[in-house]
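Thanks for coming. I will go through one chain today, piece by piece, and you can follow along on the screen.

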Amino acid sequence: MKNFNFHQSTNILFGRGRINELGDAALQYGKRALLVTTPATIPSLHVQYEKVKKILKASGIEVAHYDGVIPNPTIETITAGAEMARKFHLS
């Protein structure tokens with residue numbers, strides 16, 4: 001195996017109520033966000049997704065939501081997400 005260096009800077013905000021800091025954290029990356037999730041198959045997921053979108057929008061971030069993520073995604077699933085990102089001018 002060839003030698004290599006790898007560095008991945010990660011900022012994790014963990015704890016009760018920290019979701020409310022999401023808008024400020026996301027703003028450092030721009031004014032548009034593609035929320036990528038699984039389908040909201042249970043009501044509590046739908047509520048959480050809506051909360052995230054509300055927080056982002058309140059921070060002035062335009063949000064598109066791709067909820068087509070599945071385990072072991074197919075080329076079609078990945079292509080649909082990429083197409084949504086292109087249409088939303090994220091790529």
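Before anything else, one term: a residue is called buried when its relative accessible area is under 20%, and exposed when that area is over 50%. Please also keep in mind that this is a predicted model.

Let me start with helix α2, residues 43-58. Which residues of α2 are buried? They are Tyr49, Val52, Lys53, Ile55 and Leu56. These five cover an arc of only 160° around the axis, so they sit on the same side of α2. On the face turned away from that buried side, α2 carries exposed residues: Pro43, Val47, Lys54, Lys57 and Ala58. As for what covers the buried residues, the list includes α1, which is 22-27, together with β1 and β2.

We can also check the length of α2. It has 16 residues, and at 1.5 Å a residue they should span 22 Å; the end C-alpha atoms are 23 Å apart, which agrees. Just after α2 comes glycine 60, with a positive phi of about 85°.

One residue of α2 deserves a separate word, and that is leucine 45. Is leucine 45 buried or partly exposed? Its relative accessible area is 26%, so leucine 45 counts as partly exposed. Leaving out residues up to four places away in sequence, leucine 45 touches Thr38, Pro39 and Ala40.

Now the strands. β1 covers residues 32-36, and 5 bridges join it to β2; the two run parallel. One of the pairings is between valine 36 and tyrosine 66, its bridge partner in β2. To get from β1 to β2 the chain passes through helix α2, and this β-α-β crossover is right-handed. Strand β2, residues 62-66, is mostly covered, with 4 of its 5 residues buried.

Next, the core. In soluble globular proteins, nonpolar side chains tend to be buried together. Here the largest nonpolar core has 7 residues: Ala26, Ala33, Leu35, Val52, Leu56, Ile61 and Val63. β1 and α2 each supply at least two residues of this core. Take alanine 33 as an example. Setting aside neighbours within four places in sequence, alanine 33 is in contact with Leu56, Ile61, Glu62, Val63, Ala64, Phe88 and Leu90.

That leaves helix α3, residues 75-87. Its 13 residues, at 1.5 Å each, should span 18 Å, and the end C-alpha atoms are 18 Å apart, which agrees. Thr77, Gly81 and Ala85 are buried in α3. They cover an arc of only 75° around the axis, so they lie on the same side of α3. What covers the buried residues of α3 includes β1 and β2. The face turned away from the buried side carries Ile75, Glu76 and Lys87, which are exposed.

Why does threonine 77 count as buried? Its relative accessibility is 14%, and the cut-off is under 20%, so threonine 77 qualifies. Not counting residues up to four places away in sequence, threonine 77 touches Tyr66, Gly68 and Ile70. After α3 comes histidine 89, where phi is positive, near 60°.

To sum up the two longer stories: β1 and β2 are among the elements that cover the buried residues of α2, and β1 and β2 are also among what covers the buried residues of α3.

Note on methods:
Residues are numbered from 1 along each chain as its sequence is written. This is a predicted model: local features need pLDDT of at least 70, side-chain atom pairs count only at pLDDT 80 or more; totals for chains, interfaces and linings use all residues. Side-chain values use heavy atoms; hydrogens and water are left out. Buried means under 20% relative accessible area, exposed over 50%, partly exposed in between (1.4 Å probe, protein chains only). Two strands pair if DSSP finds at least two bridges between them. A crossover is right-handed if, with the strands pointing away from the viewer, the path from the first strand over the helix to the second runs clockwise. The expected span of a helix is 1.5 Å times one less than its number of residues. The arc is that of the directions from the helix axis to the C-beta atoms. Contact means heavy atoms within 4.5 Å. A nonpolar core is a set of buried Ala, Val, Leu, Ile, Met, Phe, Trp, Tyr and Cys residues joined through side-chain atoms within 4.5 Å.
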